[in-house]
Amino acid sequence: MTVPELHEITLRVNGVAYRTRVPARRLLSDCLRHDLGLTGTHVGCEHGVCGCCTVLVDGQPARSCLMFAVMAEGCEVTTVEGLAAPDGTLSAVQRAFAECHGLQCGFCTPGFLTVLTAFLAENPKPTEEEVVEAISGNLCRCTGYQNIVAAALRAAEILREERAEEIVAAGDGDGAEPERAREEAAE
């Protein structure tokens, strides 16, 4: 049996640089889980259909079971472990999933969390239909999706509230901006 040639790569995952040696055909999902010990990224179908393995690559959702680890060289990869703040404070999407009971067994949850994190960064005021479209590539076998959609809408609310608080805390001197920020968050 021939031993595959190993390629030394540096991956930046959740803000940390990792150097590792991998075969050219090592999937990013396998590298994250087996080489780096980041087991939050789940592997379901291994064909890019279920969305469980979704991570963010340079801020965009990517199926890590369809991407070779060597392709992530020079990219910023964010896994579900990287969504929380360094002190462990859950992200708005994570908090909303807990608050709205957006998970059951939890196997698909990392994929939903990463997809929705990217989606809400681009669409801070989504409609229910837009959320349904955004998560259409992620499969859940336990829920009826209602609580996942509710969690996404709640996460959008939380994010708007956080932005309003930041604006109020920063202040701009004219006194009108904090009130506008609060009104926008309430919408």
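A residue counts as buried when its relative accessible area is under 20%. The exercises below concern a predicted model.

**Exercise 1.** Determine which residues of helix α2 are buried, and which helices they pack against.

*Solution.*
1. Helix α2 covers residues 92-99.
2. Applying the cut-off of under 20% gives A92, V93, Q94, A96 and F97 as the buried residues of α2.
3. An α-helix has 3.6 residues a turn, so residues three or four places apart point the same way.
4. The buried residues of α2 pack against α3 (109-122) and α5 (146-170).
5. After α2 comes H101, which has a positive phi, near 55°.

**Exercise 2.** Establish the strand order of the five-stranded sheet and identify the edge strands.

*Solution.*
1. The order is β2-β1-β5-β3-β4, in an open sheet with mixed pairing.
2. β2 (16-23) and β4 (60-63) each pair on one side only and are therefore the edge strands.
3. From one strand to the next, the twist averages 45°.
4. Four bridges join β3 (residues 54-57) to β4 in the antiparallel sense.
5. Within this pair, T54 stands opposite R63 of β4.

**Exercise 3.** State which strands are touched by helix α1 and which are crossed by α3, with the angles involved.

*Solution.*
1. Helix α1 (residues 28-35) packs on the sheet and touches β1 (6-13), β2 and β3.
2. The direction of α1 makes about 110° with that of β2.
3. Helix α3 lies across β3, β4 and β5 (76-78).
4. Relative to β3, α3 runs at about 40°.

Terms used. Residues are numbered from 1 along each chain as its sequence is written. This is a predicted model: local features need pLDDT of at least 70, side-chain atom pairs count only at pLDDT 80 or more; totals for chains, interfaces and linings use all residues. Side-chain values use heavy atoms; hydrogens and water are left out. Buried means under 20% relative accessible area, exposed over 50%, partly exposed in between (1.4 Å probe, protein chains only). Helices (H or I, at least four residues) and strands (E, at least two) are DSSP runs, numbered from the N terminus. Contact means heavy atoms within 4.5 Å. Two strands pair if DSSP finds at least two bridges between them. Axes are lines fitted to C-alpha atoms, for helices over the stretch in contact, and angles run from 0 to 180 degrees between N-to-C directions.
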